[in-house]
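Me: Please take a close look at one part of this predicted model, and then follow the pockets from there. I would like a single connected account.

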Amino acid sequence: MLLREMLDREYAPLRMLKPRAKVQYDMTLSRWAEHLGREPETGDLTGLAVQSFLAARRQSVSAGTAVKDRTHLVALWGHAFHSRRVETHPKATLPRIKAPKRVPKAYRVEEISSLVRVARALPGTWAGVPRSLWLACFIRLAYETAERCGAIRGLEWTEVDLEERSVTFVAENRKGAAADNRREISAELAGWLDELRRYGKRQVFPWDRHETMLWYELGKLTAI
């Protein structure tokens, strides 16, 4: 059985994977398919085959990315084991990958201001919204609330109170999905969001591109 088929038909529905999480699994399978020269199957879930792929990944990506690939494959392998499609459990055959823990680096206030200024001058639209306004609001909201990208991307206007100048990130969109997170925002950002709201979208930050394109766009912005 193709692993992608097992992911789509069984694992994703059973685990109630969010769309963004499903994309991450698909990306891992796509990278393994490139390594194998074909789509991976349940029969490929062996220590040697998986370890060969992860070793190749370590040559081109960070240890953290390889760890994420390993996590996805272990999860699928575990499902295949419990559904009796393979005879061995991944924990019995697959060694761990240790990713070094780095000291986090934060942007300074002046650097955030510079990013916002550059964003405000960008041309084009995203999902019918000016790209400049979209990015400026996104960066400023991330800075003021310290929320993760997924929670911000999932924000809807019903969760934004511009009069009270507050934003509520619902648990379902946050990592761990344990609790809502209410944050106050500045008057300036509230004004920007009011401008953004006039475009009439349900989501605060509508998106009509591939899930991974936002990271590419943010990377370009920081390189300007």
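Reply: Glycine 64 belongs to helix H4, which spans residues 63-82. In this predicted model, glycine 64 has a relative accessibility of 38%, so it counts as partly exposed, because that value falls between the 20% limit for buried and the 50% limit for exposed. Its C-alpha atom is separated by 5.4 Å from that of alanine 99, although the two residues are 35 apart along the chain.

Helix H4 also takes part in the largest pocket, since H4, helix H1 (3-15), helix H2 (19-36) and helix H8 (149-153) each supply at least two residues of its lining. The space in this largest pocket amounts to about 1300 Å³, and 34 residues line it, with Arg20, Ala21, Gln24, Lys68 and Arg148 lying nearest its centre. H2 gives the largest share of that lining, 9 residues, while by class the lining of the largest pocket comprises 13 charged, 12 nonpolar and 9 polar residues.

The second largest pocket has a volume of about 550 Å³; it is lined by 18 residues, and those closest to its centre are Tyr107, Ile112, Ile139, Ala142 and Leu218. Helix H8 appears here as well, for H8, helix H6 (109-120), helix H7 (131-145) and helix H10 (213-223) each supply at least two residues of the lining of the second largest pocket. By class, that lining divides into 14 nonpolar, 3 charged and 1 polar.

How values were computed. Residues numbered from 1 in each chain as written. Predicted model: local features only at pLDDT ≥ 70, side-chain atom pairs only at ≥ 80, totals over all residues. Heavy atoms only, no water. Helix = DSSP H or I, 4+ residues; strand = E, 2+ residues; numbered from the N terminus. Buried < 20%, exposed > 50% of the residue type's maximum accessible area, 1.4 Å probe, protein only. 1 Å grid on protein atoms, 1.4 Å probe; cavity = no way out; pocket = protein on both sides within 12 Å on 5 of 7 lines; lining within 4 Å. Points joined across faces, edges and corners; volume = space filled by probe spheres on them. Nonpolar A, V, L, I, M, F, W, Y, C, P; charged D, E, K, R; others polar.
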